[in-house]
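Visitor: Please take me closely through one part of this model, beginning with a helix and then following the chain around it. I would like each criterion spelled out as it comes up.

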Amino acid sequence: MFTESLMYPDFVQAEKPSSILRVDARQMGVSGCKMGKDRDVFLMIRRKKLTIFTDAKDTTSVHELKKIIEGILKVNPTNQQLFNKDNFVMEDDKTLQEYGLTSAIAKAQSPAVVGLAVRQENGDFEPLELTPYSSPPDLPDVMKSQESNGQEQLS
């Protein structure tokens with residue numbers, strides 16, 4: 001069903017490891033993914049420490065994208081809220097293209113970010129939370145000088 005499914009632990013100690021998934025919308029059987037002049041858009045759907053990589057057609061509706069997410073997370077589309085790059089809630093009846101998610105913007109090497117929030121038990125949606133990715137620490141000064149010395153010797 002999934003083209004790739006990977007779990008990577010975060011660099012910091014956490015309750016749950018971060019998750020990274022890659023999904024192809026055509027394999028999920030989403031009806032809105034039609035062939036033709038539609039162009040692929042590549043998306044990175046983020047919620048807390050979860051990241052889902054998927055692709056869809058630019059004519060895919062927001063509701064159809066939620067169905068793709070439902071196939072992965074088992075969360076009903078009515079219990080999902082998607083956010084565009086400006087952190088505005090995306091409406092179900094609009095297409096990805098209407099939110100500026102086109103093949104020119106959402107490329108495989110730099111997918112567009114879509115935020116995800118789910119409905120809590122009390123009926124309200126959780127606030128959008130995107131945990132920043134960890135980054136390696138800066139190189140110590142000793143190693144920086146070795147890099148520049150090594151480059152000078154090659155010249």
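**Helix 1 and its surroundings**

Guide: At 1.5 Å a residue, the twelve residues of helix 1 (residues 62-73) should span 16 Å, and the end C-alpha atoms are indeed 16 Å apart, so the two values agree; the expected span is 1.5 Å times one less than the number of residues. Helices (H or I, at least four residues) and strands (E, at least two) are DSSP runs, numbered from the N terminus. The model is predicted, so that local features need pLDDT of at least 70 and side-chain atom pairs count only at pLDDT 80 or more, while totals for chains, interfaces and linings use all residues. Residues are numbered from 1 along each chain as its sequence is written, and side-chain values use heavy atoms, with hydrogens and water left out.

The buried residues of helix 1 are Val-62, Glu-64, Leu-65, Lys-66, Ile-68, Ile-69, Gly-71 and Ile-72, where buried means under 20% relative accessible area, exposed over 50% and partly exposed in between, with a 1.4 Å probe and protein chains only. Helix 1 is followed by Lys-74, whose phi is positive, near 60°.

On the other side, the loop between strand 4 and helix 1 holds Thr-60, which counts as buried because its relative accessibility is 0%. A polar atom of the Thr-60 side chain lies 2.9 Å from the backbone oxygen of Lys-57; a polar contact is a pair of N or O atoms within 3.5 Å, and within protein one must be able to donate a hydrogen and the other to accept it, with residues adjacent in sequence counted only if both atoms are side-chain atoms.

Lys-57 also belongs to the pairing of the strands, since it lies in strand 4 and stands opposite Asp-40. Strand 3 (residues 40-47) and strand 4 (residues 50-57) pair in the antiparallel sense over eight bridges, two strands being paired if DSSP finds at least two bridges between them. The two form a hairpin with two residues between them, and Lys-48 in the turn has a positive phi of about 50°.

Strand 3 is also joined to strand 6 by four bridges, here in parallel, with Met-44 opposite Val-113 in strand 6. Strand 6 (residues 112-118) in turn runs antiparallel to strand 5, to which four bridges join it, and Ala-117 is the bridge partner of Gln-81. Both faces of strand 5 (residues 80-83) are covered, with Gln-80 and Leu-82 buried on one side and Gln-81 and Phe-83 buried on the other.
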